[in-house]
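Hi there,

Here is the structure I promised to pass on to you. Have a look at it first, and then read on for what turned up in it.

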Amino acid sequence: MSTPNPMMDTHCHLDFPDFDPDRDAVLESCYEHGVLDIIVPAVSAATWQRTRELCQTHQKTPNRPRLHLAVGLHPMFIEQHQPQDLSELDQLVSQVQPVAIGEIGLDFYRSNTHSVIDPDKQLAFFDKQLMIAKHHDLPVIIHNRKAHDPCLSLLAETGLRGGIIHAFNGSIQQAQRYIDLGFLLGFGGMLTFTRSSKLRDLVRQLPLQSIVLETDAPDMTVAAHRGERNSPAYLHYVRDAVAEIKQVSADEVARVTTSNARRLFAFHTADTLSN
Ligand SMILES: [Zn+2]
């Protein structure tokens, strides 16, 4: 064990079929590497129940991390979402008490081959889900690509109690605006690539108190496992990258980022690893 301070993977799609063949082995490895809590954000109405069951099964399994459910309608699947999904989401939140609403957000990325899919519908679904989070006093887990301005205005209007901007990759000014609204910024495997110099500069300038660790597994792997499926058990690579960039110990990064995340998700346990 390289550090006595446990870590939390604040963003991992452990419910994805990519983990069907070896999910328990992955969880065992997480535990061995000090990842004691994992937030699993469900992305569409079709996956809410499955993800909920997965998290329930892994609430109290010995020697495995605890899995915590977040539920939302992800902007990348905007074409699938139906208006009635929003009322179902509202009801589900009352029944199952997730730790957050997510993954929700805006994806305005475009390229030569890829155009923005239905931005008006994305904005409407995002806005309504922010209202649901507000109504239930829950934090939000936000996916944002190329849409920081509309995202920031909606967040400012809604006045939530906070959340995470997952895989943050904006400017220091945008980061500061999110921080002013009570948000934390999530960083993952990208940070482990030395070519991510802009992102690494950004992390250097941010206070550790505004940072949380995430893997986004099975996507976005770390440099040490490039080309492979990503795993929440690789979170220590992200922790170590933050430590190196900010010139602090890995243990300090684990301690502060875990406490940031626990405060946000209102976890009351404060256990440390026994050995
Ligand atoms: Zn995600």
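To get your bearings, start with the fold: the chain has 9 helices and 8 strands. Please keep in mind that this is a predicted model.

**Overall shape**

The C-alpha trace spans about 50 × 40 × 35 Å along its principal axes. A compact globule with 275 residues would have a radius of gyration near 19 Å, and the chain has 17 Å, so the two agree. Of those 275 residues, 56% count as buried. The accessible surface of the chain comes to about 12200 Å², and carbon and sulfur atoms account for 49% of that. You can also ask how the contacts are spread along the sequence: among those between residues at least 6 apart, 73% join residues at least 24 apart.

**The zinc site**

Which residues coordinate the zinc ion? They are His 11 and His 13, each through NE2, and Glu 103 through OE, at 2.1 to 2.2 Å. Written as a pattern, the spacing of these donor residues in sequence is H-x1-H-x89-E. Are the two histidines buried or exposed? His 11 has a relative accessible area of 0%, so this residue is buried. His 13 is at 3% relative accessibility and therefore counts as buried too, the cut-off being under 20%.

**Aromatic rings**

A search of the whole structure finds 3 aromatic pairs. One to look up is Phe 168 with Tyr 178: the ring centres are 5.9 Å apart and the planes stand at 80 degrees, so this pair is edge-to-face. Phe 168 lies in the loop between β6 (163-165) and α6 (172-180), while Tyr 178 is in helix α6, so the pair ties together parts that are 10 residues apart in sequence. Both partners are buried: Phe 168 has a relative accessible area of 1%, and Tyr 178 has 0%. Phe 183 comes in as well, since ring pairs link Phe 168, Tyr 178 and Phe 183 into a cluster.

There is also a ring with a charge over it. The charged end of Arg 195 sits over the ring of Phe 193, at 4.6 Å from the ring centre.

If you would like a place to begin in the viewer, try the zinc ion with His 11, His 13 and Glu 103, and then move on to the cluster of Phe 168, Tyr 178 and Phe 183.

Enjoy exploring, and write back with any questions!

Best wishes

Key
Residues are numbered from 1 along each chain as its sequence is written. This is a predicted model: local features need pLDDT of at least 70, side-chain atom pairs count only at pLDDT 80 or more; totals for chains, interfaces and linings use all residues. Side-chain values use heavy atoms; hydrogens and water are left out. Rings of Phe, Tyr and Trp (its six-membered ring) pair if their centres lie within 6.5 Å; planes under 30 degrees apart count as stacked, over 60 as edge-to-face and the rest as tilted. Helices (H or I, at least four residues) and strands (E, at least two) are DSSP runs, numbered from the N terminus. Buried means under 20% relative accessible area, exposed over 50%, partly exposed in between (1.4 Å probe, protein chains only). A charge sits over a ring if NZ of Lys or CZ of Arg is within 6 Å of the ring centre and within 35 degrees of the ring normal. The radius of gyration is taken over C-alpha atoms; the globule rule is 2.2 Å times the number of residues to the power 0.38. Contact means heavy atoms within 4.5 Å. Accessible areas come from the Shrake-Rupley method with a 1.4 Å probe; for residues, only the protein chains shown count as cover. Donors are N, O and S atoms within 2.8 Å of the metal (3.2 Å for Na, K and Ca); water is not among the atoms, so sites may look incomplete.
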